[in-house]
Amino acid sequence: MKDAQQHDTDELRHHIYDGIQEYDKRMPNWWLFTLYGAMVFAVIYWAYYHWAAHMTPGYVRVEKQIEEFQKSALAGGAAPTDAQLWKMSRDPAVVESGQKIYMANCVACHGQNLEGGIGQNLTDTTWVHGGTPTDIYNTITKGVLDKGMPVWGPVLGAGRISDVVAFVISKNPTIQQPPEM
Ligand code: HEC
């Protein structure tokens, strides 16, 4: 009968399942403390890992390293110089490889003979983004997305972009041998 007395103040729930009636008992304190504790912990955890941890010097340093690594990976290591790209453009094997890359990726917009179309003519003297070998290399690597020129860096990598630049230079009689050679 002790149990029945203890429940005197508790309301009975209205439903009955399988002949069993339940009291609407208050949750025990240990249970409530666990619940509220988990809530408080979640807020602190969230605030710490989403905000505070990002400010710590170690975290900032790692972020910076990752960013630098991604940048260099995108560029595929050190970018070539004007002189290197020029030299490649005089090498028939490189030019042939560049031509294949051009035919596979660029011809649709720049034309069979680089005469232009959706993209610019690449055989004339007019360059919107600069006409030195490294300018062309950078334009192709970074693209001009808002004008419809795709970003090729992550797609082709430094090696193939260098080859295609060599091909473009070999087809453009107006690009002069760089003076530093
Ligand atoms: C989807 C169409 C498209 C493809 C594919 C494309 N381009 Fe372009 N390209 C463009 C457009 C559009 C521009 C003009 C951007 C502007 O006006 O700033 C451009 C600009 C350029 C320029 C700069 C020209 C200048 O005057 O400075 C170079 C160089 C170039 N493309 C090379 C390439 C090469 C190499 C490839 C293949 C790897 C390629 N493009 C593939 C559309 C394309």
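**Group meeting: the iron site and its ligand**

Let me begin with one contact: an N or O atom in the side chain of His 110 sits 2.7 Å from a nitrogen atom of the ligand, a polar contact being a pair of N or O atoms within 3.5 Å. Please keep in mind that this is a predicted model, in which local features need pLDDT of at least 70 and side-chain atom pairs count only at pLDDT 80 or more, while totals for chains, interfaces and linings use all residues. Residues are numbered from 1 along each chain as its sequence is written, and side-chain values use heavy atoms, with hydrogens and water left out.

Which protein atoms serve as donors to the iron atom of the ligand? They are NE2 of His 110 and SD of Met 149, lying 2.0 to 2.2 Å from the iron, where donors are N, O and S atoms within 2.8 Å of the metal (3.2 Å for Na, K and Ca). Because His 110 belongs to helix H6 (residues 107-110) and Met 149 to the loop between helix H7 (133-142) and helix H8 (153-171), the pair ties together parts that are 39 residues apart in sequence; helices here are DSSP runs of at least four residues, and strands of at least two.

Both His 110 and Met 149 are buried, meaning under 20% relative accessible area with a 1.4 Å probe, protein chains only. Buried residues make up 27% of the 181 residues in the protein chain, which has eight helices and two strands.

Turning back to the ligand, one of its oxygen atoms is 2.5 Å from a side-chain N or O atom of His 129, and a backbone N or O atom of Val 128 lies 2.7 Å from an oxygen atom of the ligand.

Conventions:
Buried < 20%, exposed > 50% of the residue type's maximum accessible area, 1.4 Å probe, protein only. Polar contact = N/O pair within 3.5 Å; in protein donor to acceptor, adjacent residues only side chain to side chain.
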